Structure formats: structure tokens, C-alpha cells
Amino acid sequence: MKGLAKSLHDRNLLPYVLLVPVLIFFIVWNVLPLLWMVGLSFYKYDITTGEPLKFLGLTNYKGIFENTGIWQALSKTFWFVIIGVGLETILGMALGFLFWGSAKMPGRRLALTLLFSPMILTPVAAGTFFRLIYDPVFGIANYYLKQWFGITVNFLGDAKWAYPAVLLVDIWMWTPFMILMTLAALGSVPKAELEAAEVDRLPWIKRLWHIVLPHGKFILMLGILLRTIDSFKTMDLVYTMTSGGPGNATELIAISLFRRAFEAFTMGNASALAIITLLIAIAFTSIYLYILNYKERRA
Amino acid sequence: MKTKSVSIVVMLAILFTMILSACSGNKSDNGTPTSGGNSGGTSSTSGTSGGDEGSSPLAGKKIEMSILGIGGWLPSSLSVDMSPDFAAYAKEKYGYDVTFTFEEAPFTSLFQKAAASLSTKSQEFNIIISDSQWLGAFAEPGWIVSVNEIMEQEPELKNIEWFDPVVEKAYMTYPDGTDQLWGMPQEGDVMVLYVRKDLLSDPNEQANFKAKYGFDLPQTFEDFEKLTIDKYLKMAEFFTRPEQDLYGAAVQYSKEYDYFTGSLYPFIWSSGGEIWDQNTGDVYGVLNTENNAKALETMVSIKNYMPPGAENYGIAQITEAFTQGKLFSAYQWAAVGGAMVTPELQDKVLIVPIPGYEVNGEIRRITSIGGQPWVINKFNDEDHMRVAIDFLKWWYLPETQIEYAKRGGNPTTKAVLESPDFESIQPWFRAYKYSLTEERSRDFWHHPKYSEMLSVQQEAFTSYATGGEKDPLKTLETVACKQQQILYDAGTAKNAPPAACASVK
Amino acid sequence: MAKRVRQGLYYVLLWLVSIGFFLPVFWIFLAAFKTKDQILAIPPEWFFTPTLENIRNMVIGLNFGKYAMNSVIVSLSAVTIALIVSFFASYSFSRFKPKGTDFLMFLLLSMRMVPGAAVVVPIYLMYTALGWKDTYFGIILFYAMFSIPFSVWILKGFIDGVSLRYDETALVNGGSRFHVMFKVVLPQVKPGLVAAFIFNMIFVWNEFLFNFIIGGKNVTTIPVALASGLYKTHGVDWTFIASLSLVYMLPLILMIYFFQRYLLVGMTFGTVRGEV
């Protein structure tokens, strides 16, 4: 015990001692499972057949690369993330700017709370209810479409519409997050500079470019990064709405993964796909962080 | 220098984990059940087997049993609803107290929940209500108790006479075609046809129909026994009136779970087609035939007579549409009869066998078998195993089965189904009894790879139904190729997919 | 005068936007007080006589209390543990910048990027082997790990913003390191703590997949209960889903309402310490 207390005061050891808890978590819940997954990906382990592990080498990986379904799912996910996060950012930033000057608005707290409510809804509940909202017979979306435009759209049952339909729900759910980040980013701009710009009567565009963006860039990029990370993982929401269908119109990569692991119970195969997904994810993160100029900012 | 040591460490780590995974995998049981829990449970009861009066080794104990069943599915929850009767029975006969809890999950996730628990050798669920197609997936890893072995110890269970051999085939047997038994039927079920007889018996409708199509609307159960699919489609067309918010027919097209498949198979089978060759394990050449393509086409054509949003229709949607008065008829499971025939529709619904195909001058119909067997968790301790067996013995007593029938469940024992007033207990019992025979109903494959095969075809079929794939034969070929590969990899099929499948990946 | 009108219109516009986003949620709230037929009614019913039946049934029904309790226990414990662990780590990263800081922070973030269905496979196998499935210990610690990356990033940003002078002054005055960390630095990063708390709570509170696969009878939380109770014999159980969603959202909504200021400042990741 005395040794522990001493180490806490030892300037050389302290930094590392403080890191011990996080490292324990990291190793047990991240590194160990990851290694397990890497190992498993070289085997065939189909739980429901009761067969023992069978070493396959790279067969699982080969199977995945040759599987057009997987490439389609990756492609669908890729576009889901790009379009989704893109629109969420644009819309989020626009609305964030809109809300910027509202510090004195009556009931601002309530308005913002309502604005953020989509993020709080449990995805399973949201998915189920949007099924109802989109329903051609019982849903309000089609009711008003019929009233105002005289058309009916089978949002979730039509292969053409299912993908945009689920994308729309995702955008609705997470634009408020980007609004939040934008407000935070705008808030980080020093008031002094803004007032100076006001005095100098700088045009809006110049204010945006020279004052707001340089200061808020970091937070905005971080927001986009977080949103991209989460968007890539989308599963609950879409699975509940369409089960990845019709056909495979909305089969995102996370759904494919889920099927391999928990419908087919082919754990070796699922692990291989998981590793591939992880590598893609790491590639993405690296690129982003590079763009974020993280190191530069710290200096 | 640094990168070298890092890469050595990484390689060692990967090697280490491969070994680790290999070890963990081998820990799981394989194949046939060994003694352990099972014989432990039964040996202690050798004194009381045969269900004699007097106490059992469990006398005086308090036991909590848990049943995993399907959420929102009356037949499943009835097992727990009726358990107080069993508790009273057990108290009197064996001298122990027992309470039951019910865990549930919807169809789509029930197997996942059960498998995730069983593969940890957990006693979380003592009895599991499973869909009939999962018997293989539960049996192969050694997660459930062999019913053959139980029957050796419990002649009472062995002597139960089932209504028809199809009961044993569908709810108990794995692998298909052998005499190995792994489950016992909890709920019998077949797909039947629900029709609005108030619309059928309306004189105006009758007259108009006759004038337009040249034959009479069927009125009675016997009329429907003779109904063929082409005549049925005409009836569906006649009663499709969007302006009145009335539609002629309904089947299930949803990608979720097995909804599409369960609705499609009657069309394939009734027309003479097959979904696989049980003996060789071949799918290619068996599933993708002209006949089956036509069947698929016919089944999807029913969309024309359905409300908008048909592509999403599963069990729940059909129930909703039918009870809201939007449907003249619907293909639907007998098990949901209680929900389909609401108080408002009390005398307006006739439940009949599905339409048949005319083959060689005879009307032939083969409908899908649904329903659930229950299986006993292999990892139950002695006490829970004993109670589970006692419970099952009680379940199949005629009094229990009749009570089950009265509450809306579908029994499966010969004694009850052949009792004089059986058909009058529930409006769907006549159609149920009629269809529950080997000649008239069939189940899908009981293979451990069931889930994967199902998922493949659900995706392909829904793609066809929504216009993603235009050619029904090509759709079937895609499915056949993929399933042939799955079965070949699993060692069931001797033949690999033929060269024609190379383009399907 | 024109300015006042313009400002008024501006506020109206903002309210319209807020209500616009809130609308689908509002629709679900309304459904919690309707009967099933009213929910499915076309034309849609905006005005109706509300009923408390659904909420009553839900509360009395299967195990609601237990699942709600589980949600609270699991979420609170996990996020709290995560915050404590993250605070230690962030303090270290910020003050001492030990070797591998950047690398570790990058790794933490990229771990979060893998889809849940991927992470759950090895976690599930590991938990099975260790016997941690369906234990509070197992699921709480897992969710804690889940929450650590984000917390570390936020807290580090805030701690960076607390001048080192504070630390040095306190140490010179004879305070222990603990004193510095908890009595000097911690209070100054409150917005970060609150933001991290709320943000992580939202995710853990609504989390479904992991609780479904590595949870079980004992630790079932509400999202899993929701998914399990989706269907009733007569179709989808709309009333159940609606009332459960409503009740379940309330704590989070209240949190966002009352701690909004902290949330907005907190999301600046430490670049702002005052108002937003």
C-alpha cells in the first residue's frame, strides 16, 4: 500500500499509473476480443452444426472478397454515410447559423430541447413507428401525400424508395446533432473578434471565412468525424424498418455482419468480415484525423 | 529496430490467438448427446417412471421453471398461462411446488436469443418453444435432450398417439427421414384460408359473380375443398374494389423471418414441385424448375388483389388488414385464428383449406406446416429436467389438450383431434384437422443451416416481388445455386453447384 | 418597429424548425394516449380523447419495474465508471503527455468505428468463455468501455484549457496530486463532464444489440424489452411501443432541458469555457 501511495507522488510513475484503468479496459474489452476475432477469422466455426473448429487459412477472406453481396453492402453503406453525413452537416450548419442569434429568444431552452429530441428516441422504437408513418394504407406520410399531391408511395416496400426512405429517417434523427456541434463551434469564436468585425462592417462571407471558420473548424470536423463513425455502424434503425430489404435494397454492412454472426451463426466468417470492416474504419479515421490536422492544432 | 520487434510481437499475438480460438472452439459439445445431465435426470426417476402416485424425489421442493417462447403469440404464452393448473397437479401428484416464468422474443429473434444462451451452456431457459425448422440447429451442437432417450424412460410419452405421421415428421424428427426425435409438439399449425362468408352469401354478389365468371361462389366448407387456384384468383379479382377499401386476397411478402417463404411453399408443393431432394440434399434442378417458376409468378400476382403496401405484409399486417375489414380473404396461419376472428367478425368468417391445384383430375393441395415444438435444454440440472418431463407428460393428457384447445391453442394428439366435438370448439379447427395430414401439409428443411438458407431465399424472393429481378426462373436459380453451395459445404449435398452457378456469387 | 417585427418573425421561424423536428416524436407521444384503432385511423387523428390505459397496462405488465431498474443501474454505473477512468487518463494525457498519447487516443477513437455487430461477436465468445454473459458486471463494464473514447476526448480538451499554473500553485502549497486533480481541475471541467455524461447516456440508454446478445434474463434493459414486446397476437403492439418510448425518453429529455447550457459548452471540447 505504501508503495502504491508513493508511486502516486512519483512524478515519473504517476502518468502511467493514471493510465492503468483505461489500459485495463482497453486491453480486456478491445485488444483481447480483437485478437480473438483475428484468430477466429482463419477458422470455420459454425456454432449450429456442432462441428469443432476447422482451420481454413484465408478461405473466409477469399469468400468475402468474391461475394458480390458484400461489395454491394459496402457500397450502400459508403453512400449512406457520405450522403447522410453530408446532408446532416449542411443542414445542421445552416440551422446552427440560424439559431446562433437566438440567445434572447423566449423559451429557447425548450425549443432546443425539442430540436434535439430525435436523437434521444430509441432507434428500435423510431424504426417501428416510421414503418407505420411510411405505411401506404395506415401511415400519415401517405395520407398527406394523397391529400396534397394525389400520389401514394410505398416507401419501404418499393425497392426504389426504401433506401432514400431510411436515409431520410437517419438524417432526421441526426441533423440535430450537427446543429448542436455547429452551435458549439460558433460559440467558440471569440466575441471580441466578432465585435471587431461588426465595427469594421465586414461582409458576412468574409466574417464566415476569416473569423468563424478558423476557430470553429476543429469542433465541426470533430462533429463530422463522430457522426461518420456512428453512421457507418447503423443497424438497429434500418433493420427494424426493413430487415435490409426489399431484396437487399437497404442491406448495410452492419446488417450483413449481424446476419452472419447471429442468423447463420458462422462465427469464423463473421469475424473475417468484422476484421475487414475494422480495417476500413481505421483507414477512414486516419484520413479524417489527417485532415483534421490534429497535430498542428495541438502545436 | 523498433518496427522489427513490434512485428514479431504482433505475429506471436496472432499465433497465440489462433491457438486460443482453437481451444475455445473445441470446448463445445459436438453431435449426439452424451450422458451427463440427461441420464442424471432420468436415473433418479427410475423409481417413479410410469407416473405412479406417491412422492417423487423432488417432494417438498420449490422449483422455478422458465419457458422461452414467441412474443405476442398466444399459443406460446398459453403454456405459461396454463401452468398454474400444472402446479396444482404437480403438488398433488408429486408433492413439489413449481412456478413458471415466461421469457419471450419475436419470431425473428427467438432463435438468436435461444442460441446465444444455450451456447453458454446456460440454464436460463429450461424449456424452449422453437420453430420446427430449428430442430437441427439445436440438436447438432448438443444443446437439447434427445426425445428418444426420454421416451425410453417414460413409456407414457412414448405411447402418445399423434393425430397423423406428419406431426412426428414436422415437430419431432431430425434429421428428416430418420427416426431420431428431438422435440415434442407444442402447437400445431397449418396455413389455411380465411374468407368473409357474409360477402359470399350475399345474393347480389352471388348473382354478379355468376354472371361475370360463369360459376357459383363457393359457400360451404365442402365447396372450398373443391376449389382450385384459378377459380380462387377470379374470386380475388372480383372482390378487389379499392374504391370501397376492399381487397380480394392476401399473402405474406415480407422479407422478415420466413413470411414470404411460408406463403410461397403451398403454391410450389400443391402444383407438384419440390424445394429440395431430401435424400441427396440437392437443391439445384429441384427448386429451379418451370413449374416452380410458374408457382412463384402466381403467388406474386396476388399482389394485384392486395391493399397497397403488400410488399411489407407479414403475419401481423394480414391480421390488421383482415380485422379492419379490408380483406375478402387471406392466407393465414390457423394459430392466429383467435386474433383474426374478432367479436365484430364473429359470424362472418369461414375458415377453409387453401385452394388446390388440379392434377390428373384430382384436387391436390399441400399447405405449409407452421407451429412449434418444444425442446428441453440439455443443461438443466436434475430437478429442472424432472419437472420438465413431468410437465410434458401432463401437457399431453387429454384434459390438458382439450383445455388448450378451448383457450385457442391447436392440440396435436389423436385422442383430442378425433374426439366427437373437436371441430366445434374453434372455427378453424375443421380446416386445421383437414390439413394436418401427410398428404396435405409439409414442413421446410430441418437442417442446421436452415437460417442461412432461409435468409438467402427471403432476399431473392422479395427482390423478385418488388421488381428487382424480373425473371422468376432466374430468381429460383440464384436461390438454388446458393443453397446448393451451403448444403455442399455442410456435407449434406454430395454435389457441388454446377458450372451454370459460377455467375451467381 | 420593423426590427421588432423581423425579430419576432425570426423567433417564429426558429420555433417552426424546432417543432418540425419534434413532430414525429410528438406523433409517437400522442399514440401513447390513443387506442390501437385511433393510432391506425385514417384520416389521422390529431384531436381525440386521451386515455391513460396504455401506460397503466405497460407499468403493470410483464416486469416493467425490473427492466426500468436495469436500464437505470446499467446506464448510470457504466457512464460513471467511464467518466472516472477517463478523467484519470485525460489528466495524464494532458499534463504529462506520456509516450504513445496520440497513438492511444487515435486507437480509442477508431475502436468506436467498428459496427456493433462486429464487436459483439468476439465479446460474446469471450463472455461465454468467462461466464460473464447475463451478469451486471459484464454488461456494465462493457458499456463503460463503450463510453470511454468519447469521454477521454472531451475531458482532455477541457483539461488542456485549465492552465497548468493552477496545478503548480496547488502543489507548491502542499496539496497532494489527488487534491489537484479533484479539487482544483475537476470543478473547472464541469461542462465537459456533463456533456460527456449526457452524450454517453443517450447511447447506453438506447443501446439494444449488446444487451440482447450478451445480456440475458437478469440484465434486460428497456430497449430489449421493447423489441421483445413488439408483437401481440392481434398485430404490432403499437400502444405498448408508444407508451414505453414516451416514458423512456422522459429522463433524457429532462436532462437535456436542465443541463443544456453545460451540454452546449461541453460539446466545444474545451475550446470554450464560458457561455455558448
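Chain C of this predicted model has a secondary structure of 14 helices and 2 strands. Its C-alpha atoms fill a box of roughly 70 × 70 × 30 Å along the principal axes. Of the 276 residues in chain C, 55% are buried. If you look at contacts in chain C between residues at least 6 apart in sequence, 76% of them join residues at least 24 apart.

**Where chain C meets chain A**

On the chain A side, 77 residues are in contact with chain C, and 70 residues of chain C take part. Helix H2 of chain A, residues 14-40, gives the largest share of the chain A side, with 15 residues. Sorted by class, the chain A side that touches chain C has 62 nonpolar, 12 polar and 3 charged residues.

**A helix of chain A to follow by eye**

While you have chain A in view, try tracing helix H8, which runs over residues 159-187. H8(A) has 29 residues and reaches 43 Å from its first C-alpha to its last, close to the 42 Å expected at 1.5 Å a residue. Where along H8(A) does the kink lie? Look at A:Trp174, shortly before the proline A:Pro176: the bend there is about 35 degrees. H8(A) is also mostly covered, with 22 of its 29 residues buried.

**Chain B and its two domains**

Turning to chain B, you will find 24 helices and 12 strands. Chain B has 505 residues, and 55% of them count as buried. Among its contacts between residues at least 6 apart in sequence, 75% link residues at least 24 apart.

Chain B is divided into domain 1, made of residues 37-188 + 371-431, and domain 2, residues 191-368. The C-alpha centres of domain 1 and domain 2 of chain B lie 32 Å apart. Between these domains of chain B, 15 residues of domain 1 are in contact with 14 residues of domain 2. On the domain 1 side, helices H3 (74-81), H5 (107-118) and H22 (429-435) of chain B each supply at least two of the touching residues. That side of domain 1 of chain B divides into 6 nonpolar, 6 polar and 3 charged residues.

**Where chain B meets chain A**

Chain B also touches chain A: 38 residues of chain B are in contact with 37 residues of chain A. Helices H1 (2-26), H5 and H23 (450-465) of chain B each supply at least two residues of the chain B side. H1(B) gives the largest share of that side, 9 residues. By class, the chain B side that touches chain A has 12 nonpolar, 18 polar and 8 charged residues.

Here are the three contact sides by residue class.

| Side | Nonpolar | Polar | Charged |
|---|---|---|---|
| Chain A, touching chain C | 62 residues | 12 residues | 3 residues |
| Chain B, touching chain A | 12 residues | 18 residues | 8 residues |
| Domain 1 of chain B, touching domain 2 of chain B | 6 residues | 6 residues | 3 residues |

**Confidence in chain B**

How high is the mean pLDDT of chain B? The mean is 85, and 89% of the residues of chain B reach 70 or more. Two stretches of chain B deserve a second look. Over residues 1-7 of chain B, pLDDT stays under 50, and the model has 0 contacts beyond four places in sequence for them. Over residues 20-54 of chain B, pLDDT also stays under 50, but here the model has 59 contacts beyond four places in sequence.

Notes: Residues numbered from 1 in each chain as written. Chains lettered and ligands numbered in written order. Predicted model: local features only at pLDDT ≥ 70, side-chain atom pairs only at ≥ 80, totals over all residues. Helix = DSSP H or I, 4+ residues; strand = E, 2+ residues; numbered from the N terminus. Buried ≥ 20, exposed ≤ 12 C-beta atoms within 10 Å, placed from the backbone. Contact = placed C-beta atoms within 7 Å. Expected span 1.5 Å × (residues − 1). Bend = angle between axes of the 7 residues up to and from the residue. Domains from an automatic or database assignment. Nonpolar A, V, L, I, M, F, W, Y, C, P; charged D, E, K, R; others polar. pLDDT = per-residue confidence, 0-100.
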